[in-house]
Amino acid sequence: ERKVSVVKESIADLDCSDIRLGEFLDRSSIFPDTEKHSRNKTEETGSTVNVEQLLDKLPAMQPHEVAQAMKHSLDEDEEIVLERGLSVLADGVGKTIEAATTIAKVEEGSQAEDVDPIVIAVGAMRQYKASANLQAHGCRFLLRLSEIQQQQPKVTAAGGVGVTITAMNNHATNVELQEQSCIILHNLASNNANNKTKIASLRGIQTIITAMDEHLECE
């Protein structure tokens with residue numbers, strides 16, 4: 001109302017013959033685009049609701065469904081979904097192994113793409129290197145997979161060695177993450193010359209030694 005009053009007072013002081021009243025009263029220059037603002041607010045609220053609903057559903061999903069949701073969240077920059085998804089995958093690693101063995105196919109229009117839980121997990125860890133919680137859940141997932149010999153090549157092929165060493169370097173004070181990461185690297189290096197070379201080339205040995213020096217209280 002105050003804006004309208006100010007506009008009316010301004011009009012009273014103007015010589016309308018010298019201006020184009022239509023331009024002066026251009027809605028876009030006087031009033032905010034309330035329709036656009038409302039639409040954006042609704043979309044934002046709807047997105048929040050969808051994320052919350054997805055978080056509630058994740059624990060009941062099959063591993064390939066969790067991976068599919070995580071892949072979408074990678075594209076949409078939804079860190080909380082990726083974090084929760086990694087936790088769910090780690091908790092249900094038995095089902096995840098089956099899902100990783102038989103890669104699910106997801107149709108997107110006319111194109112089909114692979115949705116492998118291990119690949120998606122490594123991708124999330126690469127994208128959110130600074131997230132302590134996400135990295136911790138990711139390492140827990142990789143740890144459980146690395147304890148199963150048949151899954152070790154898949155962890156390595158997806159880039160598990162690199163993200164594990166990066167997590168150790170970026171979260172040096174997280175004792176649990178350091179411990180789990182050391183076990184991951186140990187499992188992947190055992191009886192595997194190629195993985196030993198890969199770990200060494202990524203300065204993984206130095207990273208492990210640093211972790212041991214920093215956490216002398218750990219066994």
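1. The N-terminal end of helix H8 is capped by aspartate 116, one of whose side-chain oxygens lies 3.0 Å from the backbone nitrogen of isoleucine 118; like every value in this note, that distance is taken from a predicted model. Helix H8 itself runs over residues 117-127, and its buried residues are Pro117, Ile118, Ile120, Ala121, Val122, Ala124 and Met125. Isoleucine 118 therefore appears in both descriptions, since its backbone nitrogen faces the capping oxygen and it is listed among the buried residues of the helix, under the cut-off of 20% relative accessible area.

2. As for the chain overall, the secondary structure comes to 14 helices and 2 strands. Of the 219 residues, 37% count as buried. Among the contacts with a separation of 6 or more, 64% are made by residues 24 or more positions apart.

3. The largest nonpolar core contains 45 residues, of which Leu58, Met70, Phe141 and Leu142 touch the most other members. For leucine 58, the contacts beyond four places in sequence are with Val66, Ala69, Val81, Arg84, Gly85 and Val88. Two of these partners, Val66 and Ala69, are also listed as buried residues of H5, and Met70, already named for its contacts within the core, is buried in H5 as well.

4. Helix H5 deserves a point of its own. With 14 residues, H5 reaches 20 Å from its first C-alpha to its last, close to the 20 Å expected at 1.5 Å a residue. The residues buried in H5 are Pro63, Val66, Ala67, Ala69, Met70, Ser73 and Leu74. Viewed down the helix axis, these buried residues fall within an arc of 165°, so they line one face of H5. An α-helix has 3.6 residues a turn, so residues three or four places apart point the same way. Just after H5, aspartate 77 takes a positive phi of about 60°.

5. How many salt bridges does the model contain? The count comes to 2. One of them joins lysine 71 to aspartate 75, with the closest N and O atoms 3.9 Å apart, and I would note that this value sits just inside the 4 Å limit that defines such a pair. The two residues are 4 residues apart in helix H5 (residues 63-76), which means that about one helical turn separates them. Aspartate 75 is exposed, its relative accessible area being 59%.

6. The other salt bridge brings together the side chains of aspartate 91 and arginine 140, at 2.8 Å from N to O. This pair links distant parts of the chain, for aspartate 91 belongs to helix H6 (residues 79-91) and arginine 140 to helix H9 (residues 132-146), 49 residues apart. Is each partner buried or exposed? Aspartate 91 counts as exposed at 53% relative accessibility, whereas arginine 140 is buried, with a relative accessible area of 16%.

7. Arginine 144 also lies in helix H9, and is partly exposed, with a relative accessible area of 31%. Leaving aside neighbours within four places in sequence, arginine 144 is in contact with Ala90, Asp91 and Val93; aspartate 91 is thus touched by arginine 144 and held in a salt bridge by arginine 140. The C-alpha atoms of arginine 144 and glutamine 180 are separated by 9.5 Å, the two residues being 36 residues apart along the chain.

8. Threonine 156, found in helix H10 (residues 152-158), counts as buried at 15% relative accessibility. Which residues does threonine 156 touch, not counting those up to four places away in sequence? They are Leu188, Asn195 and Lys198. Of these partners, Leu188 falls within helix H12 (175-189), while Asn195 and Lys198 fall within helix H13 (193-201).

9. Two loop residues merit a look at their backbone geometry. Asparagine 191, although not a glycine, has a positive phi of about 55°; it is placed in the loop between helix H12 and helix H13 and is exposed, with a relative accessible area of 80%. Arginine 203, likewise a residue other than glycine, has a positive phi near 60°. Its place is in the loop between H13 and helix H14 (204-214), and at 53% relative accessibility arginine 203 counts as exposed.

Key:
Residues numbered from 1 in each chain as written. Predicted model: local features only at pLDDT ≥ 70, side-chain atom pairs only at ≥ 80, totals over all residues. Heavy atoms only, no water. Buried < 20%, exposed > 50% of the residue type's maximum accessible area, 1.4 Å probe, protein only. Contact = heavy atoms within 4.5 Å. Core = buried A, V, L, I, M, F, W, Y, C linked by side-chain atoms within 4.5 Å. Polar contact = N/O pair within 3.5 Å; in protein donor to acceptor, adjacent residues only side chain to side chain. Expected span 1.5 Å × (residues − 1). Arc of directions from axis to C-beta.
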